[in-house]
Amino acid sequence: MDCKQATGFIHDYLDETIRQNEEQHLNEHLLHCIGCRARFQSLRQTIAFMQSASHIHAPQDFTDKVMAALPKETMSQIWRQRMHRHPFVVAASLFLFLMAGSMMSLWSEDHQFQLSADQLHKLEIDEKQNKVIVPANSVVTGDIVIHNADLAIEGQVKGNVTVIDGHIYLASTGSVLGEREEVHQAVGWVWYNLKRVAYQLVP
């Protein structure tokens, strides 16, 4: 028997799958081969050690202590890792954050009355009541956008009506062919402007 075949028998012996005649040949080979005998004894010692150590368990807080001992990641390292893993998500988040920040700054600065309409001459402005009026029997073609004032519609508006930080009052004689929208909070105002920018970008 050569050493290669003896090595296979050694593994079979340790796995307890060796046949009786094979075990006999192995024993005869080990009597005369120092190298195989040393390999056999080393493997038996390793198995015995593993079996004796199988009952040893790490303490319950072992993982927590190891994690606590590791160096803490800085915010720059965390952001760098996220940038590498999800570059498109981070870029989109930064864009929305900056866009929302600029919108919020505009909201905080925007406290004066503003009016945007295609046919201003058809509208009446009541400064005492802080109100814009679409007179009865008047037809305004196009959109109307008002900041920090109310809108009273007694005539007809052929377009969308948006009132920011104000109210829309529709008389029984009034009508709006487009959409009516009241924006009362900064978040809603930001959302309105984001939609407006998106509509401008889409051809």
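Buried, here, means under 20% relative accessible area. That cut-off comes up in the legends below, and the model they describe is a predicted one.

**View 1. The whole chain, before zooming in.**
Across the 203 residues of this predicted protein, 26% are buried. The fold has 11 strands along with 7 helices. Take the contacts between residues at least 6 apart in sequence: 27% of them link residues at least 24 apart. As for the outside, the accessible surface is about 14,900 Å², and carbon and sulfur atoms account for 56% of that.

**View 2. A hairpin made by β2 and β3.**
Here strand β2 (residues 124-126) lies antiparallel to strand β3 (residues 131-134), with 3 bridges between the two. Pick out I125 and you'll find V132 as its bridge partner in β3. The hairpin leaves 4 residues between its strands, and in that turn N130 has a positive phi of about 50°.

**View 3. β3 meets β6.**
Strand β3 also pairs with strand β6 (residues 150-153), this time in parallel, through 4 bridges. To get your bearings, look for K131, which sits opposite D150 of β6.

**View 4. The largest nonpolar core, with V157 in focus.**
This core is built from 15 residues. The ones with the most contacts inside it are L123, V134, I144, L151, I153, V157 and V161. Four strands, β3, β5 (144-147), β6 and β8 (161-164), each put at least two residues into this core. Which residues does V157 touch, leaving aside those up to four places away in sequence? They are V134, V140, G142, I144, S175, V176 and L177.

**View 5. A second core, and a pair of cysteines.**
Separate from the largest core is another one of 9 residues, with I18, L26, L30 and C33 among them. C33 is worth a closer look: its relative accessible area is 14%, so it falls under the 20% cut-off and counts as buried. C36 is buried too, at 0% relative accessibility.

Why don't C33 and C36 count as a disulfide? A disulfide is a covalent bond between the sulfur atoms of two cysteines. The rule used here asks for sulfur atoms within 2.5 Å. The closest cysteine sulfur to that of C33 belongs to C36, and because the two are 3.5 Å apart, they are too far for a bond. Seen from C36, the closest cysteine sulfur is likewise the one in C33, at 3.5 Å. For the model, the disulfide count comes to 0.

Note on methods
Residues numbered from 1 in each chain as written. Predicted model: local features only at pLDDT ≥ 70, side-chain atom pairs only at ≥ 80, totals over all residues. Heavy atoms only, no water. Buried < 20%, exposed > 50% of the residue type's maximum accessible area, 1.4 Å probe, protein only. Contact = heavy atoms within 4.5 Å. Areas by Shrake-Rupley, 256 points an atom, 1.4 Å probe, with all protein chains shown as cover. Pairing = 2+ DSSP bridges. Core = buried A, V, L, I, M, F, W, Y, C linked by side-chain atoms within 4.5 Å.
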